Amino acid sequence: MTLTCDQASKIVDVALATRKEKNFKPLSVVVLNEAGDTIVLKREDKTSILRTPIATAKAWGALGMGCG
């Protein structure tokens with residue numbers, strides 16, 4: 001199944017909305033395609049310097065374990 005940019009953007013928006021509801025710290029959220037290329041990346045204001053590379057690594061790890 002190929003993920004569209006619009007679908008990936010909705011996934012990120014829901015993740016960020018959930019973050020706000022639960023009052024977590026600011027996040028970076030990354031969605032990759034099946035080849036591991038970034039489709040959507042959103043980084044909230046005041047996100048720490050390592051959040052984006054960590055989010056990318058987590059997405060790569062999930063992809064490598066067959067989670068999709």
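Start by selecting C67, which sits in the segment after α2. You are looking at a predicted model, so keep that in mind as we go round. C67 has a relative accessible area of 45%, and it counts as partly exposed because that value falls between the 20% and 50% cut-offs. Now add E34 to your selection: it is 33 residues away from C67 along the chain, and the two C-alpha atoms are 10.0 Å apart.

Next, bring up the largest pocket, with its volume of about 510 Å³. Its lining is made up of 20 residues, and C67 is among the closest to the centre, together with V30, V31, L32 and A59. Colour β1 (28–32) and α2 (51–64), the elements that each give two or more residues to this lining. Which of the elements gives the most to the lining? That is α2, with seven residues. If you colour the lining by class, you will find 14 nonpolar residues, three polar and three charged.

Now leave the pocket and head for the loop between α1 (5–22) and β1, where you can pick out N23. Check its backbone: phi of N23 is near 60 degrees, a positive value in a residue that is not glycine. N23 has a relative accessible area of 67%, so it is exposed.

For the last stop, select K46 in the loop between β2 (38–43) and α2. Here too phi is positive in a residue other than glycine, with K46 near 65 degrees. Is K46 buried or exposed? Its relative accessibility is 79%, so K46 counts as exposed.

How values were computed. Residues numbered from 1 in each chain as written. Predicted model: local features only at pLDDT ≥ 70, side-chain atom pairs only at ≥ 80, totals over all residues. Heavy atoms only, no water. 1 Å grid on protein atoms, 1.4 Å probe; cavity = no way out; pocket = protein on both sides within 12 Å on 5 of 7 lines; lining within 4 Å. Points joined across faces, edges and corners; volume = space filled by probe spheres on them. Helix = DSSP H or I, 4+ residues; strand = E, 2+ residues; numbered from the N terminus. Nonpolar A, V, L, I, M, F, W, Y, C, P; charged D, E, K, R; others polar. Buried < 20%, exposed > 50% of the residue type's maximum accessible area, 1.4 Å probe, protein only.
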